[in-house]
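Reader: I should like to learn how to read the pockets, helix packing and backbone geometry of a model. May we work through one together?

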Amino acid sequence: MGAEDFLRGMLRGFYSAHTIGSVPEISAREFGFGVFGKKISSRHLAFRDAAEMNSFLREKTPFYISYSDALYSRPADRPMEKKGLLGADLIYEFDADDIKTDCKLSHDSWQCMNAKCGASGKGNVDVCAECGSGASVEEWVCPDCLAETRRQSLNLISVLEKDFSFSEGVSVNFSGSKGYHVHVRGIPVRGFSKVARLELLDYLTGTNLDLRALGFVYSNKAYSCPKRGAAKGWSKRILERIEALFNEGDASKIAVFGNAKVSQAKKLLKEKQGLISSMDRGFLVSGRSGVNAERFWGSMLGFAVSEDKLEIDRQTSIDINKIIRVPDTLHGSTGLQAKEVPLSALPSHNPLKECVVFSGAEVRLSKVVAPKFYLNGGWFGPFNGDEVSLPSFAAFYLLARGSAELVS
Ligand SMILES: [Zn+2]
Ligand SMILES: [Zn+2]
């Protein structure tokens, strides 16, 4: 048996034993599915109800199944314009690929695509370090980079609630692979135009954020800021971020983020109380530290914004026609379940453990090539072309990405 048939058998086993019921207003959604090696091979499908979708999963056993965040009166019609758009949920995707984390140096590797050069190395880079040609990257995930996507998802949920009062209809699920999807389903957001979606996305990602308009203004050698008690949204987060940095009390960090000397940062820290209380009155002061106020506070504001801007995949959130993984179904590149996570459980969620659905029955594999990777609560590898027996969840994970072969 080849890898494809083997994996399909595992998927079929799961769908025979489980019922997926996670798509609200299912009859108004467009569906698409994918086969081994291709995430979307066919779309413009529709299901009357969850029972029909579940029969489809049992009979056809797709490697991937996605649905539209849009709702249509005739979801199976084509082209898109004929579907009768009724509105669309908001969807935000956080992917470990898009976020720079130090762990990539330990689990990702690149290879120059210019055959004459052939350089390679660890980490995730766009271009070859030797010759500047494009590089192909072998990407893996680990608990650290997934924790970063989770932190971003939690920040998003908090901003949506605090700044926009969107708390009803917010749900989040593991993507099944490299991050999380946050869905906002509800009447208020459904009619948002493409322009409104773009504006909201710019706000969330801090794109073109106008600090002057928010009240952070430099003039006469001093910085004014919104009064802390009255600050909302971005202003509030920026001030909180600055206060937290001073409360942390690390002078070298303040020096780096404020583009100042460590000795100056130490002086600022001594005057911390005065500095924080002047934020209440609407001023960012520099006391007797000797820093250049314009440069120091300008850098600090830049730091505060960069800490809170969300790394959202832009395309997913503004493209109303996009289809995205059905929560609670399996991701055919990993064998992990795109499990919906209760918001209260999200902070401590461990997707590489809690979204494992296959058993530990051993499978014999050959030509296994992988860095050290974490799955189902334990570490495996590294492997360098080895022949080994691994639990079936790890076998799926490796076979699906072509990092191993099945020993028949
Ligand atoms: Zn090269
Ligand atoms: Zn990582």
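**Pockets, helix pairs and backbone**

Author: Helix H4 (143–164) and helix H8 (233–248) each supply at least two residues to the lining of the second largest pocket. The model is a predicted one, and that pocket is a convenient place to begin.

Reader: How is empty space of this kind found, and what volume lies in the second largest pocket?

Author: Rolling a probe the size of a water molecule over the atoms shows where empty space is left. In this model, the second largest pocket holds about 240 Å³ of space. Its lining includes Asn155, Ser158, Val159, Lys162 and Asp163, and also Lys232, Gly233, Lys236, Arg237, Glu240, Arg241 and Asp308.

Reader: How do the residues of that lining divide by class?

Author: The lining of the second largest pocket has 8 charged residues, 3 polar and 1 nonpolar.

Reader: What is the volume of the largest pocket, and which residues lie nearest its centre?

Author: The largest pocket contains about 620 Å³ of space. Its lining comprises 29 residues, and Lys39, Ser177, Lys178, Arg325 and His331 are the ones nearest the centre. Two or more lining residues come from each of strand E2 (38–45), strand E6 (90–95), strand E9 (135–138), strand E11 (179–184), helix H13 (314–318) and strand E15 (323–325). By class, the lining of the largest pocket has 11 charged, 10 polar and 8 nonpolar residues.

Reader: Let us turn to the helices. How should one describe the packing of a pair?

Author: Two packed helices are described by the angle between their axes and the distance between the axes. For H4 and helix H6 (residues 194–205), the angle is about 115 degrees and the axes are 11 Å apart. H4 is therefore roughly perpendicular to H6, and their crossing is right-handed.

Reader: Which residues of H4 and H6 meet?

Author: From H4 come Leu156, Val159, Leu160, Asp163 and Phe164, and they meet Leu200, Tyr203 and Leu204 of H6. This contact of H4 with H6 counts 7 nonpolar residues and 1 charged, with no polar ones. Val159 and Asp163 also appear in the lining of the second largest pocket.

Reader: At what angle does H8 pack with helix H12 (residues 293–308)?

Author: H8 and H12 pack at an angle of about 110 degrees, and their axes are 9 Å apart. That angle makes H8 roughly perpendicular to H12. On the H8 side, the contact is made by Trp234, Arg237, Ile238, Arg241, Ile242, Leu245 and Phe246. On the H12 side, the residues are Phe296, Trp297, Met300, Leu301, Phe303, Ala304, Val305, Glu307 and Asp308. The contact of H8 with H12 divides into 12 nonpolar and 4 charged residues, with no polar ones. Arg237, Arg241 and Asp308 also belong to the lining of the second largest pocket.

Reader: Are helix H1 (residues 3–17) and helix H2 (residues 50–60) roughly parallel or roughly antiparallel to each other?

Author: The axes of H1 and H2 cross at roughly 150 degrees and come within 8 Å. H1 and H2 are therefore roughly antiparallel to each other, and their crossing is left-handed. Arg12, Tyr15 and Ser16 of H1 make the contact with Leu57, Arg58 and Glu59 of H2. The residues in this contact of H1 with H2 are 3 charged, 2 nonpolar and 1 polar.

Reader: Finally, the backbone. Where do cis peptide bonds occur?

Author: One cis peptide bond joins arginine 78 to proline 79, with omega about 0 degrees. Proline 79 is in the loop between strand E4 (70–72) and strand E5 (85–88). Another joins glycine 381 to proline 382, with omega about 5 degrees. Proline 382 is placed in the loop between strand E19 (378–380) and strand E20 (383–391).

Reader: What is the phi of asparagine 208, and where does that residue lie?

Author: Asparagine 208 has phi near 55 degrees, which is a positive value in a residue other than glycine. Asparagine 208 lies in the loop between H6 and helix H7 (211–214).

Terms used: Residues are numbered from 1 along each chain as its sequence is written. Chains are lettered from A and ligands numbered from 1 in the order in which they are written. This is a predicted model: local features need pLDDT of at least 70, side-chain atom pairs count only at pLDDT 80 or more; totals for chains, interfaces and linings use all residues. Side-chain values use heavy atoms; hydrogens and water are left out. On a 1 Å grid over the protein atoms alone, a cavity is a set of points where a 1.4 Å probe fits but cannot get out, and a pocket is an open set with protein on both sides within 12 Å along at least five of seven lines; lining residues have an atom within 4 Å of a point. Grid points are joined across faces, edges and corners, and a volume is the space filled by probe spheres set on the points. Helices (H or I, at least four residues) and strands (E, at least two) are DSSP runs, numbered from the N terminus. Ala, Val, Leu, Ile, Met, Phe, Trp, Tyr, Cys and Pro count as nonpolar, Asp, Glu, Lys and Arg as charged, and the others, Gly among them, as polar. Axes are lines fitted to C-alpha atoms, for helices over the stretch in contact, and angles run from 0 to 180 degrees between N-to-C directions. Angles under 35 degrees count as roughly parallel, over 145 as roughly antiparallel, 65 to 115 as roughly perpendicular and the rest as oblique. A crossing is left-handed if the near helix is turned anticlockwise from the far one by less than a right angle, and right-handed if clockwise. Contact means heavy atoms within 4.5 Å.
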